[in-house]
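Visitor: Could you walk me through some charged side chains here? I would like to talk about salt bridges and exposure.

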Amino acid sequence: MAKKQKSEGETVSLFPFLSILACVIGVLTLMITAMALSQMDNQDDKWKRFEESEQQKEKITEKQQEIDQVKEQIEDLSKLNRELILALEELKKIKQEKSKIPNEISPKEKVKLLAEANRLSKRIEEIKDDPMELQKEIDKLKVELNKRENPVAAEVRIQPGGTGVDLNPTFIECTKNGIMVLDGPAKDLRVRRDDLTKSLPFVELLDKIGAQKKGTVIFLVRQDAVYTYNIASSVSRSRFCPNGKLPVEGNGKIDLSKFKNSAG
């Protein structure tokens, strides 16, 4: 029986290619999982900030109710104080007229009038200090009212997160009327909204930040400052300065301590 001839062609193994393909799929899976976890963390942070904002609104409502109660107390005390002052004036007039009792009235009526005058004199002595005490109480309530109407706003803390923690940020607060630089060499620089496109100090700051390897501008946008942010961001892009934004909830003072501590 004739032997089968051996195949002269060499076989090609697909094992290395399949291994590389499996590794690529694994790496992509890990990347997608990391991105999904990062998005979940961001959602948790947003939900936490929303809850804090709702709690702050409830506190503001309670404070407003307390302020209204203090105002009512001040109005009541002021009214009572005015009535007491008028009563004192009336009592003084009656006391002065005590010596003018006519002689032609009967002794019985004269005794009655003198008794009434003496009673009124004692009453004057009893309440003469009441208006001053009431005024002191009113002044105290006004001081308390001023404190409650002008409370120290809660601080808004800016926390690091996401993919931008390896940057060298300069924070700029955007308000309804303009911007203010919160850190760096140009700290406390203020520019009106209408002057953003022609402000030389602002343009020079953007050029310096853009020249840095990891330099970037983070605009902290207040609730009523979207229009200001749009102008500032447009100027920043025109100077080729990287920039981003973070929304700021509430009207409190911005606290960057956590971000700075994280940055090192």
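Visitor: Is Arg193 buried, partly exposed or exposed?
Guide: This is a predicted model, where local features need pLDDT of at least 70, side-chain atom pairs count only at pLDDT 80 or more, and totals for chains, interfaces and linings use all residues. Residues are numbered from 1 along each chain as its sequence is written, and side-chain values use heavy atoms, with hydrogens and water left out. Buried means under 20% relative accessible area, exposed over 50% and partly exposed in between (1.4 Å probe, protein chains only). With a relative accessible area of 26%, Arg193 is therefore partly exposed.

Visitor: Which residue meets Arg193 in a salt bridge?
Guide: A salt bridge here is a side-chain nitrogen of Lys or Arg within 4 Å of a carboxyl oxygen of Asp or Glu. At 3.9 Å, N to O, the partner of Arg193 is Asp194.

Visitor: Which residues are linked with Arg193 and Asp194 in a network of salt bridges?
Guide: One pair is Lys198 with Asp195, at 3.8 Å from N to O. Lys198 is exposed because its relative accessibility is 62%, whereas Asp195, at 24%, counts as partly exposed. Joined with Arg193 and Asp194 in the network are Arg192, Asp195 and Lys198.

Visitor: Glu173 forms a salt bridge with Arg222, so are these two buried or exposed?
Guide: Their closest N and O atoms are 2.9 Å apart. The pair links distant parts of the chain, 49 residues apart, with Glu173 in strand β2 (residues 168-174; strands are DSSP runs of E, at least two residues, numbered from the N terminus). Both Glu173 and Arg222 are buried.

Key
Helices (H or I, at least four residues) and strands (E, at least two) are DSSP runs, numbered from the N terminus.
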